[in-house]
Amino acid sequence: MKAMKSLAGRGISPALTDMGLAVLAAGGCLALPEVVPADAQALRTPDIWWLGLVLLITAPLAVHRRAPLVSLLITASAASVVQGLSYVPQVAGEQGTSIGPTYLAVATSVFLTAVRRGPWLTTAVAGVFIPLDALTEALLAPAGHRLAGFVTVAVLLLAAWALGRLSRARAAVRDEAVERAAALEREQAANARAAVMRERARIARELHDIVAHNVSLMVVQTIAADRVQDRAPDKAHELHAAVEQTGRDTVTELRRLLDVLRTDEEESDPSKEPPQPTVDAVPSLVDSVRATGLDIDFAVSGTPLPLPAGTHLTAYRVVQEALTNTMKHAGPTRARVHLAWEDDPRRLTIRICDDGPARTAPAARDATVVAHGTGHGVVGMRERIAAVGGTLHTGTRPGGGYCVHAVLDLS
């Protein structure tokens, strides 16, 4: 059967394979009279009836795939007639056991039936057909050799049947393994696509943080430069230069992140990740925001502890988003940024509070009508904090202003 499937895999159709088996069986049957020893039992001389019976034995093999049971019954019946008419040696007799091409053709038909049909029909073949065929051959055998004939035919056909069922079972196991491999491949592809989507969502949050902070910074710097243009040209020039540099930095960061999105690789490559800011960059961030006119008190307490790269980025983005919201919704007010490192328990506490909109600068709130701290930035901060196992609390202060309080667990 393995050879048959191999041939089929090379482009030979199943019908042509069955035809080959029929031709092979016919050649063996026709050559039988020539190879039987002269001192063997007396056999009938081959004639036209012999050729017809050989055709009935072998031709059904050529169409076995279409009608397995009918093909088996015709082959077995013709083989019994051939033995009954003494065209071939008895399966068991004075000369011993003789299993010729006619019996092998019946065994081949049994094998193919066991391979190609389900349990119900093949069980009937094993439980009904094989005993009846063995009994028929035993009755045709000479007296004193009938038991040997029965056992020989029964063992031959049962062996062919068992080999066929084994081949079918192995084919089923192989097909199941192929299906499992295909399912696993589909699952891996789905997981890879999900990983890509998660990575793109992360990059989208990075883009939001970069654009929201730097554009807000540029807007505030531009407004401040416009206000001091007449009375302090040097200060206005300095602010315009800061706007230009902020814009250049923004474009550079966006280009780095978009390069990651353009990659065709589904698996993330660390070498393609853009450099991410850390807690050490918070002082530079505070200085850049101070240039917009926001009065910031920055303090760090405790001894810095080692952080994973993801926690470093989370801490930086929380400070960045909180100061961006202050600039957007409160304008040039007063804010306090405090980073507290604690050893027991090991954690980093980040607190950013502002005093709310200054009464002398109501125009700073004209750029938005969104309530303070209710945009996508707060949602992004919550997602980042949750991803590293931290907690986040945001809300207004009783005396006015707004606070962002984040705790990152480092244990």
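**Salt bridges, a disulfide and nonpolar cores**

Biologist: What is the relative accessible area of Arg334?

Modeller: Arg334 has a relative accessible area of 33%, so this residue counts as partly exposed. Please keep in mind throughout that this is a predicted model.

Biologist: Okay, and which residue does Arg334 form a salt bridge with?

Modeller: The partner is Asp297, and the closest N and O atoms of the two side chains are 2.3 Å apart. Arg334 belongs to strand β4 (residues 334-343) while Asp297 belongs to strand β3 (residues 295-301), so the salt bridge ties together parts that are 37 residues apart in sequence. Asp297 is partly exposed as well, with a relative accessible area of 29%.

Biologist: Which residues are linked with Arg334 in a network?

Modeller: Salt bridges link Arg334 with Asp295 and Asp297 in a network. Across the model, the count comes to 8 salt bridges.

Biologist: What does Arg336 pair with?

Modeller: The side chain of Arg336 meets that of Asp355 in a salt bridge, at 2.8 Å from N to O. This pair links distant parts of the chain, with Arg336 in strand β4 and Asp355 in the loop between β5 and α11 (376-387), 19 residues apart. Asp355 also meets Arg397 in a salt bridge, in this case at 3.2 Å. Arg397 sits in the loop between β6 (391-396) and β7, 42 residues from Asp355.

Biologist: And are those side chains buried or exposed, say Asp355 and Arg397?

Modeller: Neither word fits, since Asp355 is partly exposed at 35% relative accessible area, and Arg397 is partly exposed at 29%. Arg336 also counts as partly exposed, at 27% relative accessibility.

Biologist: Switching to cysteines, how many disulfides are there?

Modeller: The count comes to 1 disulfide, which joins Cys353 to Cys403 with an S to S distance of 1.9 Å. The link is right-handed, with 115° about the S-S bond. It connects distant parts of the chain, as Cys353 lies in strand β5 (residues 346-354) and Cys403 in strand β7 (residues 402-409), 50 residues apart.

Biologist: Buried or exposed, that pair?

Modeller: Cys353 is buried, with a relative accessible area of 8%, and Cys403 counts as buried too, at 9%. Another cysteine, Cys29, is buried with a relative accessible area of 0%.

Biologist: Now the largest nonpolar core: which residues touch the most other members?

Modeller: Those are Val82, Val110, Phe129 and Leu157, in a core of 35 residues. At least two residues of this core come from each of α2 (14-35), α3 (48-62), α4 (68-84), α5 (101-116), α6 and α7, and the largest share, 8 residues, is supplied by α5.

Biologist: What does Phe129 touch?

Modeller: Leaving aside residues up to four places away in sequence, Phe129 touches Leu72, Leu73, Ala76, Val106, Val110, Ala124 and Leu157. There is also a second, separate core of 33 residues, which includes Leu305, Leu339, Trp341 and Tyr402.

Biologist: Last one: which residues make the nonpolar patch on the surface?

Modeller: Leu135, Leu139, Leu147, Phe150, Val151 and Val155 make a nonpolar surface patch of about 560 Å². Helices α6 (119-140) and α7 (146-227) each supply at least two of the patch residues, with α7 giving the most, at 4 residues.

Biologist: And where is Phe150?

Modeller: Phe150 is in helix α7, and with a relative accessible area of 30% this side chain is partly exposed.

Notes:
Residues numbered from 1 in each chain as written. Predicted model: local features only at pLDDT ≥ 70, side-chain atom pairs only at ≥ 80, totals over all residues. Heavy atoms only, no water. Patch = residues over 30% accessible without salt bridge, like charges linked within 9 Å, V, L, I, M, F, W, Y side chains within 5 Å. Areas by Shrake-Rupley, 256 points an atom, 1.4 Å probe, with all protein chains shown as cover. Salt bridge = Lys/Arg side-chain N within 4 Å of Asp/Glu carboxyl O. Buried < 20%, exposed > 50% of the residue type's maximum accessible area, 1.4 Å probe, protein only. Disulfide = S-S within 2.5 Å. Core = buried A, V, L, I, M, F, W, Y, C linked by side-chain atoms within 4.5 Å. Contact = heavy atoms within 4.5 Å.
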